[in-house]
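Student: Hey, I've just opened a new structure and don't know where to start. Can you walk me through it?

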Amino acid sequence: METYANALLYAIPFFIGLVLFEIGYGHFIKKQMHKPMDTISSLSSGLTNIIKDSLGLVLIIVSYPFLLEHLAVFEIEATWLVYVIAFICIDFASYWNHRLSHKINFFWNQHVIHHSSEEFNLACALRQSISNLLGYFSILLIPAAFLGVPHEVIAPLAPIHLFAQFWYHTKHFGKLGFLEYIIVTPSQHRVHHAINKEYIDKNLAAIFCIWDRAFGTFQEELDDVPPVYGVLKPVNTWNPILINFQHIWRLIKDAWLTNNWLDKLKIWFMPTGWRPKDVAEKFPITIIEDPYSQKKYDLNPSKALIYWSIFQLITTTILMLFMFYNYSNIDTPNLLFYGLIIFLGIYGYTSLMDNSKTSLLAETLFCGLGIYIILTTNDWFGLSEFISFGSYLMLIYFIISIIGTLYFTSKLFKKQDVVVSS
């Protein structure tokens, strides 16, 4: 995990830099693909994902070394050809994992966050899950284990394979000629993120589009069918933590409410979107039928709230980068506590973006725990070793943060009082 945290110290600024470049380029050509709150939500989602992954918050069903030990027929060394074979095996496994996430109710919950943005841009690529708490991906790497591909080859290739999927989340590229027959391109991935009936559940491959062409899930981007992005059941929130668990909460409620005991079990393994008949009739859920009439989620935020949200995102990113920088010097309980504090902060300011009163509660917990750490340790997880007045900076930040949240929530309460009284 420490190695992964160190890698993120370089990867995060690189990805954020590319997002900023895309925003700047869109502004320059007067064709902006970003909306402030959507992009803040996407980047915040990325923060929650990498914190969760860096802390190892997952239950591994079976590990790749275990499969390698019991299934390997051959014993091979790590040559360049083995790396190529391993990368193909990872990509093959990724296709089937992706297909599973789109086709089965239970697994859709771990992927819905990635599709939840109603925009399509590089920030959208960073909408990654924190609800994938079961580690089963190694099972899909059985072909690699059978061939005897060493774990030392698989381990570094897995994050490289993931990072390589970042670039094609953009609308600034058209079709790429002969590459359309070899790799996944922006055009193909725009299709994948679209909710048009022609595009749903298509183009599931990660790097090589041969899997889609071979297994019947390929769809070219059509000139007369412009992609509309999002999910058929709009999430209607900027809070990435809520988005991560919306679908599973619907499944839990449906399983509880149905009178059919078989359906209580079946709902988890049925195709995505399936609901027990009795529950669907009593508690219908609106689904987008005509994507072109879709009204995007937008609360018309003030410029002050947009700038405040940007400030909170930047500060949270800095806090997270320090956590990774000082990772080896923070013990496991404190790393988990650090992660909890950052999660509360993200929950707080993204709830504020939603005009939700819960933002004040989350922000109070966030600032309260932060100030508690400073007062009881006279430090912020070792920050004083790098900046002598670091704990004072953090104390000032928490005070500013709670005051700012109180300011915006007080305006929200006044607005609601006006609505009620009128």
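Tutor: We'll go through empty spaces, then rings, then a few single residues. This is a predicted model, so local features need pLDDT of at least 70 and side-chain atom pairs count only at pLDDT 80 or more, while totals for chains, interfaces and linings use all residues. Residues are numbered from 1 along each chain as its sequence is written, and side-chain values use heavy atoms, with hydrogens and water left out.

Student: OK, how many cavities of 30 Å³ or more turn up in a search of the whole structure?

Tutor: The search finds one. A cavity is a set of points, on a 1 Å grid over the protein atoms alone, where a 1.4 Å probe fits but cannot get out. The volume of the largest cavity is about 50 Å³, counted as the space filled by probe spheres set on the points.

Student: Which residues line the largest cavity?

Tutor: Among them are N105, K233, H247, W274 and I285; lining residues have an atom within 4 Å of a point. Helix α11 (residues 240–257) gives the largest share of that lining, four residues. Helices here are DSSP runs (H or I, at least four residues), numbered from the N terminus.

Student: And what classes does the lining of the largest cavity have?

Tutor: Four nonpolar, three polar and four charged residues. Asp, Glu, Lys and Arg count as charged, Ala, Val, Leu, Ile, Met, Phe, Trp, Tyr, Cys and Pro as nonpolar, and the others, Gly among them, as polar.

Student: What about pockets: what's the volume of the second largest one?

Tutor: About 430 Å³. Of its 23 lining residues, W108, I200, V231, L232 and T272 are the closest to its centre. A pocket is an open set of points with protein on both sides within 12 Å along at least five of seven lines. Helix α11 shows up here too, giving the most to the lining of the second largest pocket with four residues.

Student: Switching to rings. How many aromatic pairs are there?

Tutor: The count comes to 30. Rings of Phe, Tyr and Trp (its six-membered ring) pair if their centres lie within 6.5 Å; planes under 30 degrees apart are stacked, over 60 edge-to-face and the rest tilted. One pair is F15 with F163, edge-to-face at 5.4 Å centre to centre and 70 degrees between the planes. That pair links distant parts of the chain, as F15 is in helix α1 (residues 2–28) and F163 in helix α8 (residues 151–163), 148 residues apart.

Student: Is F15 buried or exposed?

Tutor: F15 counts as buried because its relative accessibility is 11%. Buried means under 20% relative accessible area, exposed over 50%, and partly exposed in between (1.4 Å probe, protein chains only). F163, at 28%, counts as partly exposed.

Student: Which residue lies over the face of F218?

Tutor: R213, at 3.9 Å from the ring centre. Likewise, K264 lies over the face of W261, at 5.2 Å from the ring centre. The rule wants NZ of Lys or CZ of Arg within 6 Å of the ring centre and within 35 degrees of the ring normal.

Student: Last topic: where is D201 found?

Tutor: D201 is in the loop between α9 (186–193) and α10 (210–215). Its phi is near 60 degrees, a positive value in a residue other than glycine. N236, in the loop between α10 and α11, also has a positive phi, near 50 degrees.

Key: Helix = DSSP H or I, 4+ residues; strand = E, 2+ residues; numbered from the N terminus.
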